[in-house]
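Visitor: I would like to learn how to read a protein structure. Could you walk me through one?

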Amino acid sequence: MATETSMRAVRLHEYGPPSVLIVDDVDRPVPAAGEVLIRVHAAGVNPIDWKLRAGFLQQFMPVTLPHIPGLDVAGTVEALGDGVTEFAVGERVFGRGTGTYAEFAVAPTTTIAQIPDGVSFEQAAPLHVGGETAWVALFDDARLEASQRLLVQGGAGGVGAIAVQLGHWKGAYVIATASTANVDFVRSLGADEVIDYTSVNVEDAVHDVDVVLDTVGGEVTAHSWSVLKPGGILVVIAGMPDVEAAAARGVRTSGVNHPAETRPVLEELAKLVASGDVKPQIGQVFPLEDAAQAHAASETGHGRGRILLTVAS
C-alpha cells in the first residue's frame, strides 16, 4: 500500500523480456536543486526503454538495478527543488524526466515546459522524445527550409509522424514511407507523397531529396543514400552516421545532436500542438500495471504513433 512518502513504480530487477517489468512500492524521489517532482499522469513508451530493459545498451548506457524506466512525462508539479522559480506547484508540465514509469518522477527544469490550455496530458506526454527528436533533426541538424524536398523514412512511427507534420508546417515538400496499412494515415498528416515500402522500391521512386530523416535504421539507412541530391543530408536516429560513406557519395550525414536544455524546443512544440498545426498521434494506451504489454507492443516496431502509459489518479 502506497503512503505519502511512497509510490507505485514499474521496475526491472534484471535484464530480460517484457515480463521482467513488475510494479513495486518504492520511496518517492526527492527533487534536487534545479529539479521538480512531477505527479505523473502519462508517460511515453519509447524504443530506448525496451532496449535498455533487454540489456542491449548496457555497454553504453548501464543502469543500476532495480531500475525504473521512462523518459517522456506529462503531469503536475508536486514539489520544487532548491532554487526553482520557473515553475509552481500544481502547474501542468511535460518533457523529459527520470524514471517516469511511476506515480511520481523528477525532472530538471531545463527539460520540461508548461502544457498550454487546451492540450491534454496524453497529447503532451510523447512530445519530448518524439517531438524534440524530430524538431532537432529537421531544423537544427538538417537546417530544413521551405520548398526543400524531405523524405521521412518511417512516417507512421512516433518520431516520423511528428516529422511529417513539422515538414509540412515548414513548407517543405514531404515524402514519407509507410506500410500499406498506414499509407492513408501518413497522407492525412500532411505528406505530399507516401511510398508503400512493401511494394515499391524507394530508391526507384524518390530522387533529388534535400533531407532524409531515417527513423528506421539498418538496411533502410543503406538504401537512403541514393535518393539524396548532391550536398543533401541524411539524418539518422536509429544508428550512427557514416561520415565516410556520405563523403564518398558527395552528401552529408548527421546524428541527432540533442541540446542540453530542451525547454525552448518544447515550448515551440507546445505552441504548435495548441494551434493544431501538430497533432501528436497516440497509438496505444496502457495502464501503468500493463507496462510489459506496452513494451511488447513497442518491440514489434510496426505501431502507429506513440505508446503511452497512464497513471490512475
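**Reading a sheet and a helix**

Guide: Happily! Keep in mind that this is a predicted model. Let's begin with one pair of residues: Val235 stands opposite Ser254 in E13.

Visitor: Which strand does E13 pair with there, and in what sense?

Guide: Strand E12 (residues 228–236) and E13 pair in the parallel sense, over three bridges.

Visitor: What is the order of the strands in the whole sheet?

Guide: The sheet is open and has six strands, in the order E10-E9-E8-E11-E12-E13, with parallel pairing. Its edge strands, E10 (193–196) and E13 (252–254), each pair on one side only. From one strand to the next, the twist averages 15 degrees.

Visitor: Which strands does helix H3 lie across?

Guide: Helix H3 (residues 128–141) lies across E8 (149–153), E11 (209–214), E12 and E13, and runs at about 150 degrees to E12. Helix H4 (residues 158–170) lies across E8, E9 (173–178) and E11, running at about 170 degrees to E8.

Visitor: Now a helix on its own terms: which residues of H1 are buried?

Guide: First, the general idea: an α-helix has 3.6 residues a turn, so residues three or four places apart point the same way. In H1 (residues 47–54), the buried residues are Asp49, Trp50, Leu52 and Arg53. Seen down the axis of H1, they fall within an arc of 155 degrees, so they line one face of the helix.

Visitor: What covers the buried residues of H1?

Guide: The cover includes strands E1 (6–12), E2 (21–27) and E3 (35–45), along with helix H10 (291–299).

Visitor: And what comes just after H1?

Guide: Gly55, which takes a positive phi of about 90 degrees.

Technical notes
Residues are numbered from 1 along each chain as its sequence is written. This is a predicted model: local features need pLDDT of at least 70, side-chain atom pairs count only at pLDDT 80 or more; totals for chains, interfaces and linings use all residues. Side-chain values use heavy atoms; hydrogens and water are left out. Two strands pair if DSSP finds at least two bridges between them. Helices (H or I, at least four residues) and strands (E, at least two) are DSSP runs, numbered from the N terminus. Axes are lines fitted to C-alpha atoms, for helices over the stretch in contact, and angles run from 0 to 180 degrees between N-to-C directions. Contact means heavy atoms within 4.5 Å. Buried means under 20% relative accessible area, exposed over 50%, partly exposed in between (1.4 Å probe, protein chains only). The arc is that of the directions from the helix axis to the C-beta atoms.
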